[in-house]
Amino acid sequence: MNKSSVFWSVGIVVVVSLTIAGCSSKFAESMRKITYPPGFKYTEPAELRSDMARLSQQMLLLDKALIKGYEPTQDGAKDQRQQVLQALQNMGRTAAKLITGEAGGNHPFMQDHMQDFVAAIDQAKAAAALQEPNYYFAGKVSGGCTNCHKVNR
């Protein structure tokens, strides 16, 4: 073997080793301490996906409550209102968690638009809690998810 091939072989081994070390969570975590500003909280993708999965689950429950035909009795309407309000409340908690930086800290689009989404949830809760509930804004909450994810895909 000549010197040139040994040099390239050693270089490839070094590059592969650094790549593997760079992908390890311990190394990446220590690098984030250097490369990110002190107030920035890095959110692991799995954590962000789990919160989004919670929002999605509550969205499905909200859609089910809105679509499902209820008996036109007072108990049927009360049951529907309760399910809609419960789904909206759970969504609001999860979305507020994403805003406060507990998660979503490294997703700039979410930082810019999640406050609007929480405001839409609050508006939907207020309209659903009226004496004569109005579910129009609850339907818009579902559209808010669709619009955001359409833009970000």
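**Close-ups of an all-helix model**

**View 1. The second largest pocket has a volume of about 250 Å³.** This is a predicted model, so keep that in mind as you look around. Which residues line the second largest pocket? Going along the chain, you'll meet Gln74, Ala77, Lys78, Gln80 and Arg81, and then Gln131, Glu132, Pro133 and Tyr135. As for chemistry, the lining is an even mix: three residues are nonpolar, three polar and three charged.

**View 2. Val6, Val10 and Val14 make a nonpolar surface patch.** The patch these valines form covers about 220 Å². Zoom in on Val6 and you're looking at part of helix α1, which runs over residues 3–23. Is Val6 buried or exposed? Neither, quite: Val6 has a relative accessible area of 36%, so it counts as partly exposed, since that label covers what falls between the 20% and 50% cut-offs.

**View 3. Gln86 sits in helix α4.** That helix takes in residues 74–99. Gln86 has 34% relative accessibility, which means it is partly exposed. Now find Gln58: it is 28 residues away from Gln86 in sequence, yet the two C-alpha atoms are 8.8 Å apart in space.

**View 4. Pulling back, the whole protein has six helices and zero strands.** Trace the chain from start to end and the pattern reads α-α-α-α-α-α. How much of the protein is buried? Out of 153 residues, 25% are buried.

Note on methods
Residues numbered from 1 in each chain as written. Predicted model: local features only at pLDDT ≥ 70, side-chain atom pairs only at ≥ 80, totals over all residues. Heavy atoms only, no water. 1 Å grid on protein atoms, 1.4 Å probe; cavity = no way out; pocket = protein on both sides within 12 Å on 5 of 7 lines; lining within 4 Å. Points joined across faces, edges and corners; volume = space filled by probe spheres on them. Nonpolar A, V, L, I, M, F, W, Y, C, P; charged D, E, K, R; others polar. Patch = residues over 30% accessible without salt bridge, like charges linked within 9 Å, V, L, I, M, F, W, Y side chains within 5 Å. Areas by Shrake-Rupley, 256 points an atom, 1.4 Å probe, with all protein chains shown as cover. Salt bridge = Lys/Arg side-chain N within 4 Å of Asp/Glu carboxyl O. Helix = DSSP H or I, 4+ residues; strand = E, 2+ residues; numbered from the N terminus. Buried < 20%, exposed > 50% of the residue type's maximum accessible area, 1.4 Å probe, protein only.
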